[in-house]
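Here's a quick walk through one model, from its inner packing out to a few single residues. Have the coordinates open while you read.

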Amino acid sequence: MKYLLFLNRFELDKEKLKSKLGNVKFADDEKRLLVEGNLDLEKVKKLPEINKIAILKQDWKELSFSNIGKECLSNFSGKKDFKVEARFLSKIPVSAISLYKKINSYFKKEGLSFNENSDNIIYLEIIKKEKTLYRIFITNKELWEKDYSFGINMEKFIVVLENPGSVIEISDFLRICYIFKIPLYFLNTDSGFNFLLEKAKKMTKGISYEEFKLNLVKEIPKDYVKIGFSIKASSNEKDLNKIFENKKIALIFGDEKFGLKQETRDKMNYNVRLTPETKKPLRASHALSYVLGIYVKEKI
């Protein structure tokens, strides 16, 4: 059996990785390893060096566009639905979309349905040498996608940042809220904010803003328990777990230089001081991470 192992992109020693995998043969291919042998896939997937795994079903063969659907189906059995992913290792005059359509059309005639969320994945690699060649792998979500979730629902929270004044500050909030899937609101922004926001977006790559919507508002959304943070507050982080019992919570942060405006501060249901430090406050993004860490710690 042959497996394609996709490696995580950090510094690693392939010789040490080979010793972890045992008695197998390797064919190096940049950030992938084609491995031949008997692997304990459950054990291999847990290795920090490994990102995802696919099983080779058909080695390099000349690409016949009219026959691609039949070839894929012959290596894919016992499944009700599927999805296709392809990687072009060379430029060829065929688009991924046209390839998917051809495969989907053939599978549909055979009673199988395309499903973007399917557990069953056909992975194709296409390369141009003297002829256009392709090979077929099959895999599943368990081998293809590592599950990093820890089952904590963050839907009760929104994050509000009032008129931030730096690109780094905005970028940090974009990153944290995107990672934790928490809606982000920018409150009372001035005329220069959009310029800062666009620079922050460029700095913070990899965020899909079609999925992660940003909200510019003049008022804090209603029906939320509002928590502000100040080094001068009388309540401290010991009070947070009780506050977290509320169903809808807005975590509200001010500009790193001046904090929340007086009008906004007066609207808070709670003001909370974080850490034992009494002189040097956390940066706003550090405070957000600190608060979310307190919540997650109690839920894990």
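A nonpolar core here is a set of buried Ala, Val, Leu, Ile, Met, Phe, Trp, Tyr and Cys residues joined through side-chain atoms within 4.5 Å. Buried means under 20% relative accessible area, exposed means over 50%, and partly exposed is in between (1.4 Å probe, protein chains only). The model is predicted, so to speak of local features pLDDT has to be at least 70, side-chain atom pairs count only at pLDDT 80 or more, and totals for chains, interfaces and linings use all residues. Residues are numbered from 1 along each chain as its sequence is written, and side-chain values use heavy atoms, with hydrogens and water left out.

**The cores**

The largest nonpolar core has 38 residues, and Val159, Leu174, Leu251, Phe253 and Leu288 have the most contacts inside it. Which elements give two or more residues to this core? They are strand 9 (157–162), helix 6 (167–180), strand 10 (184–187), helix 7 (193–203), strand 12 (225–229), helix 8 (240–243), strand 14 (249–253) and helix 10 (284–299). Helix 10 gives the most, with eight residues. Helices (H or I, at least four residues) and strands (E, at least two) are DSSP runs, numbered from the N terminus.

Take phenylalanine 253 from that core. Leaving aside neighbours within four places in sequence, Phe253 is in contact (heavy atoms within 4.5 Å) with Val159, Val160, Leu161, Glu162, Phe173, Phe229, Leu260, Ala284, Ala287 and Leu288. There's also a second, separate core of 34 residues, and Leu39, Leu73, Phe107 and Leu143 are among them.

**Helix 6 and its two partners**

How do helix 6 and helix 10 sit? Their axes come within 9 Å and cross at roughly 20 degrees. Axes are lines fitted to C-alpha atoms, for helices over the stretch in contact, and angles run from 0 to 180 degrees between N-to-C directions. Helix 6 and helix 10 are therefore roughly parallel to each other, given that angles under 35 degrees count as roughly parallel, over 145 as roughly antiparallel, 65 to 115 as roughly perpendicular and the rest as oblique. The crossing of these two helices is left-handed; that's the word if the near helix is turned anticlockwise from the far one by less than a right angle, and right-handed is the word if clockwise.

On the helix 6 side, the contact is made by Glu169, Asp172, Phe173, Ile176, Cys177 and Phe180, and on the helix 10 side by Ala284, Ser285, Leu288, Ser289, Leu292 and Val296. By class, this contact has eight nonpolar, two polar and two charged residues. For the classes, Ala, Val, Leu, Ile, Met, Phe, Trp, Tyr, Cys and Pro count as nonpolar, Asp, Glu, Lys and Arg as charged, and the others, Gly among them, as polar.

Helix 6 also packs with helix 7, at an angle of about 55 degrees and with their axes 8 Å apart. That makes helix 6 oblique to helix 7, and the crossing is right-handed. Helix 6 brings Val167, Ile168, Ile170, Ser171, Leu174 and Arg175 to the contact, while helix 7 brings Phe193, Leu196, Leu197, Lys199, Ala200, Lys201 and Met203. Sorted by class, that's nine nonpolar, one polar and three charged residues.

**Some single residues**

Now for a few spots along the chain, with their accessibility:

| Residue | Relative accessibility | Status |
|---|---|---|
| Isoleucine 122 | 1% | buried |
| Threonine 264 | 5% | buried |
| Serine 235 | 23% | partly exposed |
| Lysine 181 | 57% | exposed |
| Aspartate 223 | 67% | exposed |

Isoleucine 122 lies in strand 7 (residues 120–128). Neighbours within four places aside, Ile122 is in contact with Cys72, Phe76, Phe82, Lys83, Val84, Glu85, Phe107, Ile136 and Phe137. The C-alpha atoms of Ile122 and Phe76 are separated by 8.0 Å, though these residues are 46 residues apart along the chain.

Threonine 264 is found in helix 9 (residues 262–265). Beyond its neighbours within four places in sequence, Thr264 is in contact with Glu162, Leu187, Asn188, Ile220 and Ile252.

Serine 235 belongs to strand 13 (residues 235–236). With the same four-place neighbours left aside, Ser235 is in contact with Asn271, Val272 and Arg273.

And the two loop residues? Lysine 181 is in the loop between helix 6 and strand 10, with phi near 55 degrees, a positive value in a residue other than glycine. Aspartate 223 lies in the loop between strand 11 (214–217) and strand 12, and phi there is near 70 degrees, again positive in a residue other than glycine.
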